[in-house]
Structures are given as C-alpha cells and as structure tokens.
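Open the model in your viewer and set it to cartoon view. Keep the selection tool at hand, and follow the stops below in order.

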Amino acid sequence: MINALVVDDERMVRKGLLSLTNWKNYGISFVGEAKDGIQALQFLAEQSVDVMFVDITMPIMNGFELMKRVQEQYPKVQFVVLTCHHEFDYVQEALQIGAIDYIVKTLLNRDNVDEAVTRIISRLKRDQEKKLQEQPAFYNGGVYFLLRGMTKGDSYYMQEQLPANLTYSQISKYLLRFDGEHAWQIVQLEQDSIMQYGDVIYIERSERVGHHEVEQWLNYELLNYYFYYAHDATLTITENELVQALSPRDENVVEQQLKQWNDEKLQYRWLLFPQEWHRWQRATLAIQPDPQYVIRLVEQLYTQLVLTIKWHDNDSQSPLSAPDISQWAKLEQWLLQLSLHLRGRMTDLTLSHDVVICMIKAIQNMYNQIGSELNQNDIAHQVGMSRSYFSQCFKRFFGVSFGEVLRQLRMETAKELLLSTQLTISEIANQIGLDDHKYFSRTFRAQLGVYPTEYRSLHYEVR
C-alpha cells in the first residue's frame, strides 16, 4: 500500500480529492492531510509517506519551497502537483524539480479520476523500479544511530552534537545512518561522546537480502526489533539475524498467537507461577507484540499495583522504582522482581494464588471504572468473590481499606487530568466519580496539601 498525504490550503479541495474515488482500490492509502507546508513537515516527522499531493500556491510556504525541503529531509517522498488550469508554467517548474505528475483540480471529477490515478500509479512504479536498479543488489551493511529521548531529531541539530569526523544520512525522524567505510571504527573511538545522545546499531552485510528490503525494514520494523533484542547502548545484528528478521510471517498465525498472549496476560498467572512466567516470557519474545502493549502493561502494574500496596508496616516506600521502558530486557527484569515481591507477599500473608490474582484484577477494574460510583460489592462480584471475604482479603493484601485505596486512585487520576487536560475542576470531579466538586477540592487538599487549581498552577510554572 502506498502511503499518501494531501497538502492544500483549501479544506474543500482536500476533502474533495479524498472522496473522488476508493483510493485503496488503486493501492493508495491517504494517511493524512495538511493545510500548509508547516503542517506537512510536522506530519512527515511522525508518519512515513511515499507520495504527496501538493498544491503549488499556498500561503506561508508555497509548493515549490515545500518540495525542496521535503527532498532534503525525506528524499524518498515523491510528489504529484495539484494545480489550477492557469498554472501550467508552474507545473513545468514543479516537474523539473522532481514532481512525477500533476492534477488539474478544476478538471478532475469522478468520470476521469480513473485515468489520472492509473497514470500516477504507473509513474510511481516506474520511478521506484528505476531507483531499485540504481541500488546495489544486496545489502552492504551499515552503522546506524538511534536517537534517544530527543525532541529535535533533525540532522541540523545533530550536526552540532556529533563528532566532526562522522557524517550521516537521515533515515527517519529517530534514525541516522553513518556514512563512510570506517564509520564503525570511528564510532568505537568516539563512543563516549556519541552514546549520550542515542544508541548505535551495527548491521552486517548480506548477500541474501536486498538493499531496498533492509531500507524498508529500517523504516517500519527496526524500533520493534531494537526494543526486544537490545540489552545496552549498542546492538549488533548478524547476517543470519537480519535474514530471520526479514522473513515473512503468516499474519493469521501471528494474530492467533497475539490473541492467546493477550488472554494469558490478563489472567496474571505468569506473575505468580514460575513455570507460567517462563512460558509467557518466551512467548513474548517469540511473538514480539507492539512494544506499546508491553510498556502499557508494566506502567499499569507500577501505578495501579506497586504504588498502591503498603508493602511494610509504617513504610510507604515502594520496593521497586519506576521501570525503565526503553528495552524489553529491562522490563523483563523489572517484571521478574515484581513477581518475586508478589510471591513473597503472598507467602507472608498466607494468601492463595487465586486470591492474589483476584486482587490484581480488582485494582485494575477500579482504575478502569474510576468515573463510576464504585463500591466493594460491585468489584467483589466482578472478580468472583463474596463481599465480606473480598473486603478481608483486600485489606490484608493492600494494607489499607478499599475506601482508602479508592480515594488514592481518584486523587492520582485527578492529578493526571489536571496536568494533561484543560478540564474544569467540576469536570475532573465527574471524571473520577465525584458529583460534588467542592468535596473533591477538599479531599484533594487534605491528601496533597493544595487545592486542585493550585496544583495545576504550580506544575505549569515548573514547566
């Protein structure tokens, strides 16, 4: 599927182009739209695009300027010019600087769209084939730099930070390729100054996979691969590992495996049974679900479970620090530590495995339903326990009563909403299941020492 972006300052033109035909029938998927060049560049920084439909005459940044900037930063993107009937001089100039085709907006309609799109697809394929012929048949190896935790990932910024004897090409917003046959040796010599900005990936050359295949993989799959296979600030990918990574997978099988993995994840047996843990651990690495699924799971376990439990008498400190979410190996170690702590707590409190699993599910349900009128009876019913036994087990496991945990969860959720949204105090009170915003403000102040409005103001000032 070809990813496309339409850039035109007239909303009706953008919507009209998208609605002219079923573009997916032609193998084109419009992944976004932009009203000017600035929005287009912001979109390209976040999303991979193969072809842009660009209006020539736009305010702020015209189509020519946008095309030139995109060619510098994203050289693989191709262009189709959108023009009016009186702009053919401009069209000629656009074709000279790299546009593959043009569309006259005033003449395009449902009757002739098939001819225009077929022509564009033909030229796209011809251009891609030409580029493939110009590339080496096999992948020649490479040294890459994965930017870490930076808001400015463009080459202009990095040029100021990297050693002068390293030059590079930008593959995507977060990935650079170091140029030159001695790049790996230079990186090893300069690693102290380089590693503070990102991680280095060395990929061996291969006579079994093509350059274009690897380039596509780098754009779409490398971040997932790095998450699961990196253990420190450098990662070496051998030829065999590269071939294996590029091998096609049966999507139906993967979907079934992912569903089973997710079902097992939500049962939480892997957190308490060593044998289940090892099996789920191996399945995670084999299936490699989207890292965001795993990161979200760990973050939820930390905020919903670890920070809620009173681990020791008169001690509110958590035994586990916030997890490092950059790599699976680090999350794996954190989850193992959590598993050991939970098993130890289960033994100390003489609680069964099933009861502890019910407690984990209970706190998750409380978080998910924080905006409703929660009570012990409802949560006990949801996890399959009687109210009295649930109340007894809940207080033993968490160290505090259901009501106290519920208040804590509501205040934690309120803190997040105060900093991440512009909702009013009354709206936030409703979002966390409290109808009386004055009661919410008093409760918030009692727990945190400041009113909600003061909390929001203080944190905005720090920012």
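**Stop 1: the start of helix 12**

Select Asp250 and Asn252. At the start of helix 12, a side-chain oxygen of Asp250 comes to within 2.9 Å of the backbone nitrogen of Asn252. Bear in mind throughout that this is a predicted model.

**Stop 2: along helix 12**

Now select residues 251-265, which make up helix 12. Its 15 residues, at 1.5 Å a residue, should span 21 Å, and the end C-alpha atoms lie 20 Å apart, which agrees.

Which residues of helix 12 are buried? Select Val254, Trp261 and Lys265, which are buried. Turn the view to look down the axis of helix 12: the buried residues fall within an arc of 40 degrees, so they line one face of the helix. A general rule helps here: an α-helix has 3.6 residues a turn, so residues three or four places apart point the same way.

Next select Asn252, Glu255, Gln256 and Lys259, which are exposed on the other side of helix 12. To see what covers the buried residues, add residues 274-287 and 291-306: helix 13 and helix 14 are included in that cover.

**Stop 3: the whole chain**

Zoom out. The chain has 22 helices and ten strands. Its C-alpha trace spans about 80 × 50 × 45 Å along the principal axes. Of the 463 residues in the chain, 44% are buried. Look also at how the chain meets itself: of the contacts between residues at least 6 apart in sequence, 67% join residues at least 24 apart.

**Stop 4: the parallel sheet**

Select strands 1 to 5. They form an open sheet with the order 2-1-3-4-5, and the pairing is parallel. Which strands stand at the edges? Strand 2 (28-34) and strand 5 (101-104) do; each has a single partner strand, so one side of each is left without a neighbour in the sheet. From one strand to the next, the twist averages 25 degrees. As a general point, strands of a sheet pair through backbone hydrogen bonds, either parallel or antiparallel.

Go to the strand 2 edge. Strand 1 pairs with strand 2 over six bridges, in the parallel sense. Select Leu5, which stands opposite Gly32 in strand 2. Is strand 2 mostly covered or uncovered? Five of the seven residues of strand 2 are buried, and the strand is mostly covered.

Cross to the strand 5 edge. Strand 4 (residues 78-83) and strand 5 run parallel and are joined by four bridges. Select Leu82, whose bridge partner in strand 5 is Ile103.

Now add two helices. Helix 1 (residues 11-19) lies across strand 1 (2-7), strand 2, strand 3 (51-55) and strand 4, and runs at about 170 degrees to strand 2. Helix 3 (residues 63-73) lies across strand 1, strand 3 and strand 4, at about 155 degrees to strand 3.

**Stop 5: the mixed sheet**

Select strands 6 to 10. These five strands form an open sheet in the order 7-8-6-9-10, with mixed pairing. The edge strands are strand 7 (168-172) and strand 10, each pairing on one side only. Here the twist from one strand to the next averages 25 degrees.

Begin with strand 7, which pairs with strand 8 (residues 175-178) in the antiparallel sense over four bridges. Select Ser169 to find Arg177 of strand 8 opposite.

Move on to strand 9. Why is strand 9 described as largely enclosed? Five of the six residues of strand 9 (residues 198-203) are buried, so the rest of the structure largely encloses the strand. Buried here means under 20% relative accessible area. Strand 9 pairs with strand 6 (residues 142-147) in the antiparallel sense over six bridges; select Leu147 and its bridge partner Gly198. With strand 10 (residues 234-237), strand 9 pairs in the parallel sense over four bridges; select Ile203, which stands opposite Ile237.

Finish this sheet with helix 9 (residues 211-220), which lies across strand 6, strand 7, strand 8, strand 9 and strand 10. Helix 9 runs at about 65 degrees to strand 7.

**Stop 6: Glu454**

Last, select Glu454, which is in helix 22 (residues 452-462). At 38% relative accessibility, Glu454 counts as partly exposed. Add Leu146: the two residues are 308 apart in sequence, and their C-alpha atoms are 39 Å apart in space.

Conventions
Residues are numbered from 1 along each chain as its sequence is written. This is a predicted model: local features need pLDDT of at least 70, side-chain atom pairs count only at pLDDT 80 or more; totals for chains, interfaces and linings use all residues. Side-chain values use heavy atoms; hydrogens and water are left out. Buried means under 20% relative accessible area, exposed over 50%, partly exposed in between (1.4 Å probe, protein chains only). Two strands pair if DSSP finds at least two bridges between them. Axes are lines fitted to C-alpha atoms, for helices over the stretch in contact, and angles run from 0 to 180 degrees between N-to-C directions. Contact means heavy atoms within 4.5 Å. The expected span of a helix is 1.5 Å times one less than its number of residues. The arc is that of the directions from the helix axis to the C-beta atoms. A polar contact is a pair of N or O atoms within 3.5 Å; within protein, one must be able to donate a hydrogen and the other to accept it, and residues adjacent in sequence count only if both atoms are side-chain atoms.
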